[in-house]
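Colleague: Could you take me through one part of this model slowly? I am new to this, so please explain each term as you go.

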Amino acid sequence: MNQKNLLEVDWSKIPAPSDDGAAAHLVGLAIPPLSLMATDDNSVTLSALPGRVVVFAYPRTGEPGKISLVDDWDMIPGARGCTPQTCSFRDLFADLKAAGARHVFGLSTQSNIYQTEMASRLHLPFPVLSDEKLALTRALELPTMEVAGLTLIKRLALIIDGGRISHVFYPVFPPDRNAGDVLAWLKENRV
């Protein structure tokens, strides 16, 4: 399937993911002291960051005009929508910061090289972290899916306070509303 416009999606034609319980164990967990490469060429250790941190994770962003990873990508519950989710965090970035997010990060298992291109193309005001080696994914036992021989993180968002997960948004659907849901939660749960 050719991806013409990654932002124009009729969510009524995309299957929603169900809550499979794969994120139920995350609230209260301490973030392990692992460093991940970011699109701003820094190494980020989420466990060492002070204050409130928002991390939204997604399977993988697409490239306009490129072929999808698999032909039925849109029919895999929770697969479609990485670019709309990322752009919604971009568009609400200032509001998220004003509501108490000291840091905002995207996260996927895609390479830092690919993510750097994507971050530039989408004009992201925050870094995106690469867990290409699945270190954080495995340490936290994040929900994953296997597609075309790749292990991809299922879409979710984490609120981290002082190195510990205090809230999880999972499953996330539709993806383009995730940043708004996170913003509403931040406003209701100020620290």
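Are Phe93 and Phe126 buried or exposed?

Modeller: Happy to help! Phe93 is buried, and Phe126 is buried too; buried stands for under 20% relative accessible area, exposed for over 50%, and partly exposed for what lies in between, using a 1.4 Å probe and protein chains only.

First, some ground rules. This is a predicted model, where local features need pLDDT of at least 70 and side-chain atom pairs count only at pLDDT 80 or more, while totals for chains, interfaces and linings use all residues. Residues are numbered from 1 along each chain as its sequence is written, and side-chain values use heavy atoms, leaving out hydrogens and water.

Now to the rings. The structure has five aromatic pairs; rings of Phe, Tyr and Trp (its six-membered ring) pair if their centres lie within 6.5 Å, and planes under 30 degrees apart count as stacked, over 60 as edge-to-face and the rest as tilted. In one of these pairs, the centres of Phe56 and Phe126 are 5.6 Å apart and the planes stand at 85 degrees, so this pair is edge-to-face. It links distant parts of the chain, 70 residues apart: Phe56 sits in strand 3 (residues 52–57), and Phe126 in the loop between helix 3 and strand 5. Helices (H or I, at least four residues) and strands (E, at least two) are DSSP runs, numbered from the N terminus. Phe56 is buried, like Phe126.

Phe126 also pairs with Phe93: their centres are 6.0 Å apart and their planes at 40 degrees, so that pair is tilted. Phe93 lies in helix 2 (residues 93–98) and Phe126 in the loop between helix 3 and strand 5, so the pair ties together parts that are 33 residues apart in sequence. Ring pairs link Phe56, Tyr58, Phe89, Phe93 and Phe126 into a cluster.

What surrounds that loop? Helix 3 (residues 112–121) lies across strand 1, strand 4 (103–108) and strand 5, at about 165 degrees to strand 5. For this, contact means heavy atoms within 4.5 Å; axes are lines fitted to C-alpha atoms, for helices over the stretch in contact, and angles run from 0 to 180 degrees between N-to-C directions.

Strand 5 (residues 128–130) runs antiparallel to strand 1 (residues 35–38), joined by two bridges; strands pair if DSSP finds at least two bridges between them. Here Met37 stands opposite Ser130 in strand 5. Both strands belong to an open sheet of seven strands, in the order 2-1-5-4-3-8-9, with mixed pairing.
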